[in-house]
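Have the sequence and the 3D view open side by side, and let's walk through the fold together. We'll begin with how strands pair up, then move on to the sheet, the helix on it and a few single residues.

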Amino acid sequence: MTTPSCARPWASLFKICAAALALFALSGCASVFLVDNQVRSYARWADRPTPSGASTPVVIPQAPQVFRFERLPSQQDNRGAGQNELERLATLSLAKVGWTPAAAGVTPPWTVEVSAATLRLPHAPWESPYDGFWGGGFGPGFGFPGRDYVVTGTGQIIYAPLFMRMDTPYYQREVSLVIRHAASGRVVYETRAAHDGRWNSSNALWLAMLDAALRGFPTPPEGLRQVNVEVPR
């Protein structure tokens, strides 16, 4: 049975669309999103005298090294679930620079304190809370007013825009790692990575921030720097 000639163009179009969708799916699988981080690190491996005048020499450690996690009282009081997951992710990042948790019964030379914070904003800092759906308006009577509505002294709404304003949450996040010399309690390394954007919280996002915070470890460049980490979608 032969295919009617009038059906052939549709069949060809279907094949082209199918191929395009397949190509789009493959490119989507290979796509990444960029986690841009503002990182600042402080290395204090050199010997520092104590108030009593005594000091314990500390040199820049060469991998491999072992450590144990140390928690603040507030981190011990949050039932541990979130902190456990954060420390698990930090373990993955630290392993990339040759640092691993000490085995049971082993006294490590270093302790690591890791913390994270998230601030949820109703909209991005540069967005006006009075902007309409399209990011601004022309005022009453022109289709897209700048405010959702105006209420009179009696409580009457005198106008409303065509589209009500829809806020998209915006997040400011930060991770921090503090490494101490276990014998003296002295801080020998501190690093922070800050990232803000609309991405939802995920392990991949936090891991990227931890990796950025440890970029250049154990001898990072001075000052604030931007560290970009690509994360597969």
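Two strands count as paired if DSSP finds at least two bridges between them. With that in hand, look at Tyr-171, which stands opposite Gly-197 in β8. The pairing of strand β7 (residues 170-181) with β8 is antiparallel and is made by 11 bridges. Keep in mind as you go that this is a predicted model.

Now follow β8 to its other partner. Strand β8 (residues 186-197) is joined to β1 by 6 bridges, and the two run antiparallel. Strand β1 (residues 32-43) in turn pairs with strand β9 (residues 225-232), again antiparallel, through 8 bridges. A handy spot to see both pairings is Val-39: in β8 the residue opposite Val-39 is Ala-193, while in β9 the bridge partner of Val-39 is Arg-225.

Zoom out and these pairings become part of an open sheet of 7 strands, ordered β3-β2-β4-β7-β8-β1-β9, with mixed pairing. Which strands stand at the edges? They are β3 and β9; each has a single partner strand, so one side of each is left without a neighbour in the sheet. On average, and ignoring direction, neighbouring strands here are turned by 30 degrees against each other. If you're tracing side chains along a strand, remember that in a regular strand they alternate between the two faces of the sheet.

Helix α4 comes next. This helix packs on the sheet and touches β1, β4 (110-121), β7, β8 and β9, and its direction makes about 45 degrees with that of β7. Is α4 mostly covered or mostly open? Mostly covered: 9 of its 11 residues are buried. Among the buried ones are Leu-205, Trp-206, Leu-207 and Met-209, and the list also includes an acidic residue, Asp-211.

Let's stay with Asp-211 for a moment, in helix α4 (residues 203-213). Why does Asp-211 count as buried? The cut-off is under 20% relative accessible area, and Asp-211 comes in at 19% relative accessibility, so it counts as buried. Leaving out residues up to four places away in sequence, Asp-211 touches Ser-93 and Lys-96.

Another polar residue to click on is Gln-65, which is found in strand β2 (residues 65-69). Gln-65 is buried too, because its relative accessible area is 17%. What does the side chain of Gln-65 reach at 2.9 Å? The backbone oxygen of Gln-62. There is also a polar contact of 2.9 Å between the side chains of Gln-65 and Trp-110. Setting aside residues up to four places away in sequence, Gln-65 touches Gly-98, Trp-99, Thr-100, Pro-109 and Trp-110.

Finally, how far should you trust what you see? The mean pLDDT of the protein is 78, and 63% of its residues reach 70 or more. Element by element, strand β3 (residues 99-101) has the highest mean pLDDT, at 98, whereas helix α1 (residues 8-30) has the lowest, at 49. Over residues 13-17 the pLDDT is below 50, and this stretch has 0 contacts in the model beyond near neighbours in sequence. Residues 132-147 also have a pLDDT below 50, but that stretch has 30 contacts beyond near neighbours in sequence. Where pLDDT is low, the predicted coordinates should not be read in detail.

How values were computed
Residues numbered from 1 in each chain as written. Predicted model: local features only at pLDDT ≥ 70, side-chain atom pairs only at ≥ 80, totals over all residues. Heavy atoms only, no water. Helix = DSSP H or I, 4+ residues; strand = E, 2+ residues; numbered from the N terminus. Buried < 20%, exposed > 50% of the residue type's maximum accessible area, 1.4 Å probe, protein only. Contact = heavy atoms within 4.5 Å. pLDDT = per-residue confidence, 0-100. Axes fitted to C-alpha atoms, helices over the stretch in contact; angles between N-to-C directions. Polar contact = N/O pair within 3.5 Å; in protein donor to acceptor, adjacent residues only side chain to side chain.
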